[in-house]
Amino acid sequence: MTIKKRKTSCRFLLVIILLYTFWVQSQEKAVDTSNNNLNATLSNAKKIRYQNPEKALIVLQEVHDQALVYGDTLLAINALLEMPYIYGQQVNYAKSYDTLWHALFLADDIGNEVLRAKIYGYLGRLSSFFKRKDEAFNYLNTSLKIKKNLVKNGILPNSSLVEDYYLICATYRELDDPKMANIYLDSCFTVFNTGRVSQLNKQYLDFEKAFILSKEDKNNEALLIMQNIEPWFKENRPSYLVLVYTYWGDILSALGRSKEGEQKYIEALEISSKYNSHIDFSP
């Protein structure tokens, strides 16, 4: 091959390489843009989940499907994990169950232990709604075991265990077992770190404490806690007031203040209707 032909071949090869590089960069940019758009869509779906839960579910499914097309399994899982919450508020536990198992399959596929622990925790709570006590605690303890291992290896802080202890505590509350609930609530406060903003908010723990106190006939102390936590839930998680007002009503009734207790039950029903949440409490 002559020098001229070699130069021509080199130029041609260089052009091919440059074109391929530009194409790869444009594809990566397109995927990044699409993923950013999907993240924004996911955020919007979360905003409308109370007012329009059916629309939110449709949007979340679309985000999941598109995320898999673009190879973003993490985003697909995050979309899935928003769906059981909405199904659960509507007492559609079967749909919640199927969605969580699909999310667990994807988390297993990418080897994400943090997400696996989170999903097992959700499965545990969901199983408790089905009254499958043994299955519920099996899932909850699996989540706790994974988290403890992640803490041991320095991947997660010790305070990350608060959520797992809380889920077990809440399950015992629903089983009307305040003694066991109190054991796990103590564990929550043992590892709770007031300096960490990413962990479960303390108001949820205070709510559980109010329940336990009411079962110990310390209703005035429980009532004071309910009054203290109400503003936070109004501001940050109004749908949860269905539970707060229901148990608040129980406390007032136990104190012989039935008329005030009835008013709290009415408020619980109004919140449930407004936010399409905790419909299982309505009866």
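Which residues in α11 meet which residues in α12? Let's start there, and keep in mind that this is a predicted model. On the α11 side we have L241, V242, Y245, T246, W248, G249, D250, L252 and S253. On the α12 side the partners are S258, E260, G261, K264, Y265, E267, A268, I271 and S272. If you sort that contact by class, you get eight nonpolar, six polar and four charged residues.

Now the geometry of that pair. Two packed helices are described by the angle between their axes and the distance between the axes. Helix α11 covers residues 241-254 and helix α12 covers residues 258-275, and their axes come within 8 Å. The crossing angle is roughly 170°, which makes α11 roughly antiparallel to α12.

Okay, let me step back to the whole chain. The secondary structure comes to 12 helices and zero strands, so if you read along the sequence you just get α-α-α-α-α-α-α-α-α-α-α-α. There are 283 residues in the protein chain, and 45% of them count as buried. As for contacts, take those with a separation of 6 or more: 56% of them are between residues 24 or more positions apart.

Back to helix pairs, one step earlier along the chain. The axes of α10 and α11 come within 10 Å and cross at roughly 155°. That angle is over 145, and therefore α10 and α11 are roughly antiparallel to each other. The crossing here is left-handed. From α10, the contact uses N219, A222, L223, M226, Q227, E230, F233 and K234. From α11, it uses L241, V244, Y245, Y247, W248, I251, L252 and A254. The class split for this one is 12 nonpolar, two polar and two charged.

You may have noticed some names coming back. L241, Y245, W248 and L252 of α11 are in the contact with α10, and L241, Y245, W248 and L252 are also in the contact with α12.

The other pair I'd like to show is α3 with α4. Helix α3 is residues 73-89, helix α4 is residues 93-110, and their axes come within 9 Å. They cross at roughly 160°, so α3 and α4 are roughly antiparallel to each other, and the crossing is left-handed. In α3, the residues involved are T73, A76, I77, L80, L81, M83, P84, Y87 and G88. They meet Y93, K95, S96, T99, L100, H102, A103, L106, A107 and I110 in α4. By class, that contact has 13 nonpolar, five polar and one charged residues.

Next, cysteines. How many disulfides does the structure hold? Zero. C169 has the sulfur of C188 as its nearest cysteine sulfur, 5.8 Å away. Why no bond between C188 and C169? Because a disulfide needs the sulfur atoms within 2.5 Å, and at 5.8 Å the sulfur of C188 is too far from that of C169. As for burial, C169 has a relative accessible area of 0%, so it counts as buried. C188 is also at 0% relative accessibility and counts as buried.

A couple of backbone spots for the people who like to check phi. D176 has a phi near 55°, a positive value in a residue other than glycine. You'll find D176 in the loop between α7 (161-174) and α8 (178-191), and at 47% relative accessibility D176 counts as partly exposed. Then there's D217, with phi near 60°, again positive and again not a glycine. D217 is in the loop between α9 (202-215) and α10 (219-236). Is D217 buried or exposed? Exposed, at 67% relative accessibility.

Last stop, α5 and α6. S128 is in helix α5, residues 113-129, and at 10% relative accessibility S128 counts as buried. Leaving out residues up to four places away in sequence, S128 touches A136, T171 and E174. D134, in helix α6 (residues 133-152), is exposed, with a relative accessible area of 68%. D134 and G124 are 10 residues apart in sequence, and C-alpha to C-alpha they are 9.4 Å apart in space.

That's my tour; happy to pull up any of these on the screen.

Notes. Residues numbered from 1 in each chain as written. Predicted model: local features only at pLDDT ≥ 70, side-chain atom pairs only at ≥ 80, totals over all residues. Heavy atoms only, no water. Helix = DSSP H or I, 4+ residues; strand = E, 2+ residues; numbered from the N terminus. Buried < 20%, exposed > 50% of the residue type's maximum accessible area, 1.4 Å probe, protein only. Contact = heavy atoms within 4.5 Å. Axes fitted to C-alpha atoms, helices over the stretch in contact; angles between N-to-C directions. Parallel < 35°, antiparallel > 145°, perpendicular 65-115°, else oblique. Left-handed = near helix turned anticlockwise from the far one by under 90°. Nonpolar A, V, L, I, M, F, W, Y, C, P; charged D, E, K, R; others polar.
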